[in-house]
Each structure stands twice: as structure tokens, then as C-alpha cells.
Amino acid sequence: MSFYSAVFILLLIMDPFGNIPAFLSVLSKLSPGRRRIVILREMIIALLILLVFLFFGRYILSGLHLSQTALTISGGILLFMIAIKMIFPPDKKIEPEEQTEEPMVVPLAVPLIAGPSAMAMVILFSTQYPSLLLHWFFALLVAWTTAGVILLSSDILARSLGTRSLKAIERLTGMILTVMAIQMLLSGIRDFIHTL
């Protein structure tokens with residue numbers, strides 16, 4: 001997998017455009033200045049979590065005796081499920097009682113940015129090509145920075161694009177991610193057949 005493919009996949013999984021309504025809903029009672037600080041803080045927390053999985057995830061897999069093929073197949077299935085949710089999004093509104101306090105880690109950093117799929121993907125990158133760990137680190141950094149810029153601009157984007165446009169972007173990225181998920185799943189199945 002190339003650097004650009006890794007950046008693209010991670011960015012699609014982080015789904016910054018799709019997360020704009022959820023972020024705005026959770027942070028609706030905060031002032032615009034404080035909202036940006038909270039978004040930046042949550043993005044940094046999400047990055048630290050993903051870095052832990054990038055650099056130490058393969059040791060977790062090794063300790064659990066999970067094979068590379070199993071990870072590839074499960075990663076494909078997980079990506080497919082995320083893609084389906086992007087094409088047919090569930091209601092991401094947060095209940096009013098959950099908005100009374102400033103969010104910390106949950107739900108913005110985890111699971112909206114550093115969700116199970118993003119964690120699984122960085123583990124997959126680091127276990128498939130461990131010699132390219134620095135490569136994956138920069139791919140994660142580029143995807144994270146792009147997602148951060150989009151989310152920090154969420155007020156402006158929500159006003160200029162509107163809800164319908166944001167939903168259309170999310171569905172389009174979901175369709176692209178579906179194809180990538182199927183390709184990953186097929187690659188995993190092929191590798192499994194070769195091991196028989």
C-alpha cells in the first residue's frame with residue numbers, strides 16, 4: 001500500500017465531514033473560541049491513542065496470537081461496515097443531557113476520530129509492513145492534520161455547505177471506502193487460500 005492510499009483510507013475512516021454535525025451538536029453550548037480549543041485538544045488525544053496502536057499494536061496482536069490474514073480480513077469487514085454507515089448514516093445527535101459538560105475523550109476523540117476502525121487500520125499498516133513504520137506515522141499525521149483542519153473549520157463549513165452537502169460528501173466517501181473495503185477483504189481471502 002502506498003503512502004497516499006494510507007492517508008486517503010485513514011482520512012475516510014476519520015470521516016471529518018460526516019463528524020461535523022456531531023461535533024457541532026456536542027459543542028453547541030460552548031463559545032466559538034472555546035469550541036476550537038476543545039476540538040484541538042480532542043484531536044491531540046485521538047492522535048496519541050492512534051500512535052499507541054501504530055507503534056505497539058503489533059505486539060498486542062502477537063500476544064493474542066492473531067495472524068496477519070485474520071487482521072486483513074477483519075479490517076476489510078470493519079471498513080465495509082463503516083462505509084455502509086457512511087452511505088446510510090445513523091442519527092449522530094447527542095442527547096441534551098450529554099451536552100451539559102464539556103466533553104473529554106468521549107465521544108469526540110473516541111470513537112468519532114480514533115474509533116475501533118482507525119485503531120485496527122493503523123495496526124494493519126504496522127503489521128503488514130513493519131519496516132515502513134515511519135512511512136505510516138507520516139501518513140497518519142497528514143490524515144490527522146487534514147481532519148483537524150476540517151473540524152476546526154466546522155462552523156464555517158456547516159454554514160457554507162449546509163447539511164445536505166455534508167451528507168452528500170459523507171455518502172460519496174462511503175461509496176469509495178466500500179470499494180477499498182472489498183479489495184482488502186479479497187486480498188485477505190487470497191492470502192488465506194495461499195496458506196492452505
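Buried here means under 20% relative accessible area, exposed means over 50%, and partly exposed is anything in between. Keep those cut-offs handy as you click through this predicted model.

**Stop one: Asp191 and Arg190**

Start by selecting Asp191 and showing its side chain. Its relative accessibility is 29%, so Asp191 counts as partly exposed. Now add Arg190: the two side chains meet in a salt bridge, with 3.4 Å from N to O. Arg190 has a relative accessibility of 42%, so Arg190 also falls in the partly exposed class. Elsewhere, salt bridges with shared partners link Arg34, Arg41, Glu42 and Glu102 into one network. A search of the whole structure turns up five salt bridges.

**Stop two: the network around Arg41**

Side chains of opposite charge can pair when their charged atoms come close. Select Arg41 to see this at work. Which residues does Arg41 pair with? One of them is Glu42, whose salt bridge with Arg41 has its closest N and O atoms 3.1 Å apart. Another is Glu102, where the closest N and O atoms are 2.8 Å apart. Arg41 sits in helix α3 while Glu102 belongs to the loop between α4 and α5, so this pair ties together parts that are 61 residues apart in sequence.

Switch on a surface and look at how covered each partner is. Is Glu42 buried or exposed? With a relative accessibility of 1%, Glu42 is buried. Arg41, at 24%, is partly exposed, and Glu102, at 31%, is partly exposed too.

**Stop three: α3 against α6**

Two packed helices are described by the angle between their axes and the distance between the axes. Colour helix α3 (residues 32-64) and helix α6 (residues 116-128), which pack at an angle of about 60° with their axes 8 Å apart. That angle makes α3 oblique to α6. Turn the view until one helix lies in front of the other, and you will be looking at a right-handed crossing.

**Stop four: from α6 to α7**

Stay on helix α6 and pick out Phe125. Its relative accessible area is 1%, so Phe125 is buried. Next, draw a C-alpha to C-alpha distance from Phe125 to Phe137: these residues are twelve apart in sequence and 9.7 Å apart in space.

Move on to helix α7 (residues 133-152) and select Leu141. With 27% relative accessible area, Leu141 is partly exposed. A line from its C-alpha atom to that of Ser126 spans 14 Å, and the two residues are 15 apart along the chain.

**Stop five: a nonpolar patch on the surface**

For the last stop, select Phe80, Ile84, Phe88, Ile182, Leu186, Ile189, Phe192, Ile193 and Leu196, and show them as a surface. Together they make a nonpolar surface patch of about 880 Å². Which helices supply at least two residues each? They are α4 (68-87) and α8 (154-195). The most comes from α8, which gives five residues.

Before you leave, centre the view on Phe88. This residue is found in the loop between α4 and α5 (108-113). Why is Phe88 classed as it is? Its relative accessible area is 61%, so Phe88 is exposed.

Definitions and conventions. Residues numbered from 1 in each chain as written. Predicted model: local features only at pLDDT ≥ 70, side-chain atom pairs only at ≥ 80, totals over all residues. Heavy atoms only, no water. Patch = residues over 30% accessible without salt bridge, like charges linked within 9 Å, V, L, I, M, F, W, Y side chains within 5 Å. Areas by Shrake-Rupley, 256 points an atom, 1.4 Å probe, with all protein chains shown as cover. Salt bridge = Lys/Arg side-chain N within 4 Å of Asp/Glu carboxyl O. Helix = DSSP H or I, 4+ residues; strand = E, 2+ residues; numbered from the N terminus. Buried < 20%, exposed > 50% of the residue type's maximum accessible area, 1.4 Å probe, protein only. Axes fitted to C-alpha atoms, helices over the stretch in contact; angles between N-to-C directions. Parallel < 35°, antiparallel > 145°, perpendicular 65-115°, else oblique. Left-handed = near helix turned anticlockwise from the far one by under 90°.
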